[in-house]
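Here's a quick tour of a chain you can follow along with on screen. Have the viewer open and click through the residues as they come up.

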Amino acid sequence: QNYEIKLRMVMNNSFDHKAEYHMIKKGYIRYMIPTVVGLIFGQFAPLVDSLCISKVLDEDALSAMSTVNPMYYLFNIVAMLGGIGGGIGIAKSMSTGNKYQGGRIFTKAMIFLTATTAVLSMLCLIFIDPLLKVLCATERNYGYARDYLAVLLMGMVFYVLNNALIYILMDDNDANLAMAGGIVTGAVNMVIDYVGMYILHHGIWVAAFGMVFGEFAGCLVFLLHRRKKDRICRITPHRPGTNDIRLKEIILAGAPEAAENLL
């Protein structure tokens, strides 16, 4: 609210250029630091996965993880369509003060993300063997890749929701919570990897379970966003007699980034 008041003062020329510059700089830093910290922790987790697998198992297990990695890009497309598209719509609604429309965008984005990921994961599980052939799994790493991918697909909905909610919460003015969710996700993943593989001596499925449970823990952290009274991200039913946002408009807003990820 303070930023909105200051912005109105700037628009009304109540501030000089120097004050406006400092306000923009402060807002930029306020969003940049949580984003960078969250990304750093997000990169640590795959590194620990690789280290644990290579040390505890063998090179075939490590190559199996690389074989399955393209699946992340596939599901990232879904996360970007709903997350970036939903975040852009929410930001527009915030600028106009239309919380109802923002709530409808959030609701439709969550339904799209959950339903699409569930259907896609189920199809991949049903056709997991042909899928592994498409991913070029070899005879030596096939068993590892199958175990890893099966666990991954069963919890992929949390991966998609986590990544999408980071975009959405940033646009709903909760960058610090998005950072906290990223830190918790990475930390939980790394702890499960170490304990499960180094101490309990389980197989490669533990690395996939660590990733899935880490994403689940991150989603739980994001639920704290409900404490904000002025939030736009809330489940909002459709009001009869009002113009409802179309799902197509949400998806199209996230399509450019999703297309780049696909390529």
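What follows walks through the helices, the aromatic residues, two buried side chains, the salt bridges and a surface patch. Bear in mind that this is a predicted model.

**Two helices to start with**

Let's begin with helix H8, which covers residues 156-171. H8 is 16 residues long and spans 23 Å from its first C-alpha to its last, close to the 22 Å expected at 1.5 Å a residue. Its buried residues are Met156, Tyr159, Val160, Leu161, Asn162, Ala164, Leu165, Ile168, Leu169 and Met170. It helps to remember that an α-helix has 3.6 residues a turn, so residues three or four places apart point the same way. Try that on Leu161, Ala164, Leu165, Ile168 and Leu169, which are among the buried residues of H8. After H8 comes Asn173, with a positive phi near 65°.

Helix H9 takes up residues 175-199. With 25 residues, H9 reaches 35 Å between its first and last C-alpha, close to the 36 Å expected at 1.5 Å a residue. H9 is followed by His201, and here too phi is positive, near 60°.

**The aromatic residues**

The model contains six aromatic pairs. How are the rings of Phe158 and Phe216 arranged, and how far apart are their centres? The centres are 5.0 Å apart and the planes sit at 70°, so this pair is edge-to-face. The pair connects distant parts of the chain, since Phe158 belongs to helix H8 and Phe216 to helix H10, 58 residues apart. Phe158 is partly exposed, with a relative accessible area of 27%, and Phe216 is partly exposed as well, at 29%. Zoom out a bit and you'll find both in one aromatic cluster, made up of Phe158, Trp205, Phe209, Phe213 and Phe216.

**Two buried side chains**

Stay on helix H10, because that's where Cys219 is found. Is Cys219 buried or exposed? Its relative accessible area is 13%, which is under the 20% cut-off, so Cys219 counts as buried. Setting aside neighbours within four places in sequence, Cys219 is in contact with Phe158, Leu161 and Asn162. Phe158 is the H8 residue from the edge-to-face pair, while Leu161 and Asn162 are among the buried residues of H8. If you want a distance to check in the viewer, the C-alpha atoms of Cys219 and Ala115 are 17 Å apart, with 104 residues separating the two along the chain.

A little further along is His225, in the loop between helix H10 (205-222) and helix H11 (247-262). His225 sits in a loop, yet it is buried, with a relative accessible area of 3%. Beyond its neighbours within four places in sequence, His225 is in contact with Leu169, Asp172, Asp174, Leu177, Arg231 and Cys233. One of these, Leu169, is among the buried residues of H8.

**Salt bridges**

The salt bridge count comes to four. Here are three pairs to look up:

| Pair | Closest N to O distance |
|---|---|
| Glu59 and Arg140 | 3.9 Å |
| Arg146 and Asp129 | 2.9 Å |
| Arg246 and Glu249 | 3.4 Å |

Take Glu59 and Arg140, which meet in a salt bridge. Glu59 lies in helix H3 (residues 59-68) and Arg140 in the loop between helix H6 (128-134) and helix H7 (142-154), so this pair ties together parts that are 81 residues apart in sequence. Glu59 and Arg140 are both exposed.

As for the salt bridge between Arg146 and Asp129, Arg146 lies in helix H7 and Asp129 in helix H6, so the pair ties together parts 17 residues apart in sequence. Arg146 counts as partly exposed at 33% relative accessibility, and so does Asp129 at 30%.

In the salt bridge of Arg246 with Glu249, Arg246 counts as exposed at 51%, whereas Glu249 is partly exposed at 40%. There's a network too: salt bridges that share partners join Glu59, Asp60 and Arg140.

**A nonpolar patch**

Last stop, the surface. Which residues make the nonpolar patch of about 810 Å²? They are Tyr28, Ile29, Met32, Ile33, Val36, Ile40, Phe44, Leu47 and Leu51. One of them, Phe44, lies in helix H2 (residues 17-56) and counts as partly exposed at 40% relative accessibility.

Terms used: Residues numbered from 1 in each chain as written. Predicted model: local features only at pLDDT ≥ 70, side-chain atom pairs only at ≥ 80, totals over all residues. Heavy atoms only, no water. Patch = residues over 30% accessible without salt bridge, like charges linked within 9 Å, V, L, I, M, F, W, Y side chains within 5 Å. Areas by Shrake-Rupley, 256 points an atom, 1.4 Å probe, with all protein chains shown as cover. Salt bridge = Lys/Arg side-chain N within 4 Å of Asp/Glu carboxyl O. Helix = DSSP H or I, 4+ residues; strand = E, 2+ residues; numbered from the N terminus. Buried < 20%, exposed > 50% of the residue type's maximum accessible area, 1.4 Å probe, protein only. Contact = heavy atoms within 4.5 Å. Phe/Tyr/Trp six-rings, centres within 6.5 Å; stacked < 30°, edge-to-face > 60°. Expected span 1.5 Å × (residues − 1).
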